[in-house]
Each structure stands twice: as structure tokens, then as C-alpha cells.
Amino acid sequence: MSTTTTGADARDEEPRPGGPADSPFVRACRRQSGPHTPVWFMRQAGRSLPEYRAIRANVAMLESCRRPDLVTEITLQPVRRHGVDAAILFSDIVVPVAAAGVDLDIVPGTGPVVAEPVRTLTDVERIRPITRDDVSYVDEAVRMLVAELGATPLIGFAGAPFTLASYLVEGGPSRTHAKTKAMMYGQPELWHALCGRLAEVTLEFLRVQVAAGVSAVQLFDSWAGALSEADYRRFVLPHSAGVLAGLADAGVPRIHFGVGTGELLGAMGEAGADVVGVDWRTPLDAATRRIGPERAVQGNLDPCVLFAPWPVVEAEVRRILEQGRAAPGHVFNLGHGVLPETDPDVLTRVVALVHELSAESGDRG
């Protein structure tokens with residue numbers, strides 16, 4: 001069974017005052033003013049929280065992603081603790097790929113490991129299209145979360161075709177992406193067939209989440225920074241653009257994020273997102289000049305700053321808010337995910353500080 005892109009069964013067509021579509025987060029994504037600059041953290045759902053480690057004890061990662069009760073509880077934990085302006089669905093980028101028939105596991109301390117890496121067109125053709133029934137646990141978890149979150153928006157989650165393809169070609173995480181690039185350069189037809197298939201899977205995975213009621217989606221291209229701009233435009237942009245274009249009429253903001261993508265920011269914006277995530281390497285005002293005035297930005301506190309004394313953290317938060325004023329909309333976030341050793345109390349203080357400073361200064365998304 002296929003799904004529509006509208007999500008009309010889960011959201012009003014016009015934002016209700018005080019509802020998720022009228023939240024500071026969604027308003028900033030749409031380049032509209034709000035009461036304060038919204039803040040959430042990538043990888044906020046887990047890792048640094050003792051309550052997350054307790055609930056995940058003796059539960060494998062993929063299993064936890066397939067249990068709506070665990071997904072709901074883990075997604076809600078940082079909202080309760082930190083008072084962030086948005087929740088992000090607890091999941092993993094390989095969840096839809098596993099649902100498409102790829103034999104893989106998420107190995108603790110390593111990451112996704114693929115039993116039979118993709119080498120041929122026959123391997124690509126074994127990656128079947130997915131339906132809502134294949135990821136019914138995600139549909140159920142999103143609906144449970146929307147009911148629990150009330151006015152707090154929920155962000156949907158998926159990995160971008162390039163990053164997924166890299167895992168499938170390499171067989172697991174890679175520092176050099178040598179096998180991935182060898183396929184790109186040496187077998188471009190096979191590469192595009194693989195990314196095209198993964199774009200279809202990713203788009204359907206996000207459509208399921210939109211139909212169930214998420215208020216925004218984020219497409220993670222974690223490894224895109226390994227590419228030059230020319231290679232990104234040739235081998236990656238068309239497939240990411242296909243995913244984002246497939247959600248153009250979904251009625252929710254689309255966020256696109258990668259790591260080490262300072263030289264790619266303009267091209268990533270062209271892929272069609274409403275918001276471009278910026279890692280900690282590029283100042284937000286410089287990023288805005290590269291991305292252009294048609295898109296909001298998200299970011300970009302270095303996660304390692306959270307280990308510094310509080311006066312240093314506060315100074316960095318002030319700097320990022322100031323630089324973010326150059327953008328037509330700003331969602332405060334880290335420049336990558338929360339590190340496991342982070343003190344959760346520091347995250348809570350950062351949320352309060354962002355709210356306080358942006359409300360006082362009129363810097364409101």
C-alpha cells in the first residue's frame with residue numbers, strides 16, 4: 001500500500017494558533033518571526049541521557065527502532081528534560097534499507113555492517129521498494145508521538161541516498177570511501193542505479209512519516225563532505241533533489257544536513273531543502289551568503305564546546321545567535337550530534353540561554 005505526501009489525515013491545512021505548525025521551530029524553518037530562536041539537538045534522543053541508556057539496556061539498536069513503545073519513550077526523553085522546541089524521531093538511517101530487504105546489522109562500537117555489499121546491478125535490484133506496511137512500526141510510533149507531543153513539533157528522519165549507498169558499497173563505515181568513489185568514477189551507470197533505488201526507498205520512508213503527522217523532515221547526508229562540489233553535483237545532487245522534490249507538496253519544511261559540507265552548501269541548498277544544516281566549521285553568516293536568502297539555516301555549535309567551562313559555552317552561543325541573524329530564519333542546533341559523554345545539564349542550560357537571549361534581543365528565527 002502506498003501513501004500520499006500530504007499528511008492531511010494528521011495535520012490541519014492551515015496552522016492552528018499554538019499548534020505544531022505554528023511553533024517557533026516551524027516558523028523559523030519557514031523564515032517567519034517567532035517569540036524566540038528555536039533550538040533542538042541532533043542525536044538528542046539518546047546517547048548522553050542516562051534514562052536512554054537504561055531503557056536501551058540489552059535491546060539491540062534495530063530492535064529498538066522497530067518497537068513503537070521504545071521509539072516513543074526515547075524520542076520524548078529530551079523534550080521532557082531539556083525543553084527543546086522540537087522532537088526528532090528516534091531511528092537509524094539504515095532502518096528503511098533493512099525494510100527493503102538488505103541483510104545488515106548495527107554493530108555496537110562499529111555501526112551498520114552489510115552482509116553482502118553492493119557490487120553489481122543484480123545486487124541493486126534486490127533492494128525492493130518499500131510500503132507503509134514494511135515500516136508500520138514507524139507509522140505507529142509517529143502517531144503515538146504526535147498525540148503525546150501536543151504543540152511540540154516532531155521531525156521526521158531519513159538518510160540521504162549518497163550516505164546510504166556508501167554504507168552498502170563499503171559494507172560498513174569508511175574513512176576514505178574508496179570503494180564508493182571507485183564505483184562512482186568507474187561504474188557511473190551502476191552508481192546512479194543504486195542511488196536512484198535508494199532515493200525511492202528514502203522518499204517512501206519519509207512519506208510514511210509525513211502521512212502519520214510529522215511537522216518537518218530532515219534528510220541526513222552524513223558523508224557528503226567527502227566529495228568535491230563537482231562530484232557532488234554529478235553523482236549526488238540529482239538523487240537528493242529527487243527525494244526533496246517528492247516532498248514539495250507535503251506541507252512540511254524540509255531540512256538537509258551534512259558534515260564537512262562548507263564547500264557544498266550552495267549546491268545542497270539547490271537540492272531543494274527549505275533549511276540547510278551547517279556544521280561547526282562554517283560561520284552561519286558565511287553559510288547564509290553561500291546558501292542564499294531563500295532558505296533558513298540550522299546550526300551550528302561545535303559539540304565539543306559543551307565540555308568547556310560555562311562562560312565559554314555562553315560566549316559561543318552568543319556568537320552563533322549573532323551570526324544567525326544574517327539568515328532569513330535560524331534554528332539553533334549543534335554542528336553535528338550530541339557526543340555520548342556530554343553532560344545533559346549543559347544541554348538544558350543551552351536551551352534556556354538561547355531562548356532568553358533571542359527573546360531579549362528580538363533575534364527570533
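Here are legends for a few close-up views of this predicted model.

**View 1. How confident is the model along the chain?**
Start with the overall picture: the chain has an average pLDDT of 94, and 95% of the residues score at least 70. The beginning of the chain is another story, since pLDDT stays under 50 over residues 1–13. For that stretch the model has 32 contacts beyond four places in sequence.

**View 2. Helix 8 is mostly covered**.
This helix runs over residues 161–170. How many of its residues are buried? The count is 10 of 10. Go through them and you'll meet P161, F162, T163, L164, A165, S166, Y167, L168, V169 and E170. Right after helix 8 comes G171, and its phi is positive, near 90°.

**View 3. Helix 8 packs against helix 9**.
Two packed helices are described by the angle between their axes and the distance between the axes. Here, helix 9 covers residues 178–186, the angle is about 105°, and the axes lie 8 Å apart. Angles of 65 to 115 degrees count as roughly perpendicular, so that is the word for helix 8 and helix 9. On the helix 8 side, look for F162, S166, V169 and E170; they meet A178, K179, T180, M183 and M184 of helix 9. Sorted by class, this contact has five nonpolar, two polar and two charged residues.

**View 4. Helix 9 crosses helix 10**.
Move along to the next pair, where the axes come within 5 Å and cross at roughly 115°. That crossing makes helix 9 roughly perpendicular to helix 10. Helix 9 brings T180, M183, M184, Y185 and G186 to the contact, while helix 10 brings P188, L190, W191 and L194. By class, you'll find seven nonpolar residues, two polar ones and no charged ones.

**View 5. L194 in the largest nonpolar core**.
In soluble globular proteins, nonpolar side chains tend to be buried together. The largest nonpolar core in this model has 126 residues. Which of them touch the most other members? They are F25, L194 and V350. Helix 10, residues 188–212, gives this core its largest share, with 13 residues. Now zoom in on L194: leaving aside residues up to four places away in sequence, L194 touches V118, V124, I127, A165, L168, V169 and M183. Some of these names are back from earlier views: A165, L168 and V169 are buried residues of helix 8, and M183 of helix 9 is part of the contact with helix 10.

Methods:
Residues are numbered from 1 along each chain as its sequence is written. This is a predicted model: local features need pLDDT of at least 70, side-chain atom pairs count only at pLDDT 80 or more; totals for chains, interfaces and linings use all residues. Side-chain values use heavy atoms; hydrogens and water are left out. Axes are lines fitted to C-alpha atoms, for helices over the stretch in contact, and angles run from 0 to 180 degrees between N-to-C directions. Helices (H or I, at least four residues) and strands (E, at least two) are DSSP runs, numbered from the N terminus. Angles under 35 degrees count as roughly parallel, over 145 as roughly antiparallel, 65 to 115 as roughly perpendicular and the rest as oblique. Contact means heavy atoms within 4.5 Å. Ala, Val, Leu, Ile, Met, Phe, Trp, Tyr, Cys and Pro count as nonpolar, Asp, Glu, Lys and Arg as charged, and the others, Gly among them, as polar. A nonpolar core is a set of buried Ala, Val, Leu, Ile, Met, Phe, Trp, Tyr and Cys residues joined through side-chain atoms within 4.5 Å. Buried means under 20% relative accessible area, exposed over 50%, partly exposed in between (1.4 Å probe, protein chains only). pLDDT is the predictor's confidence in each residue, from 0 to 100.
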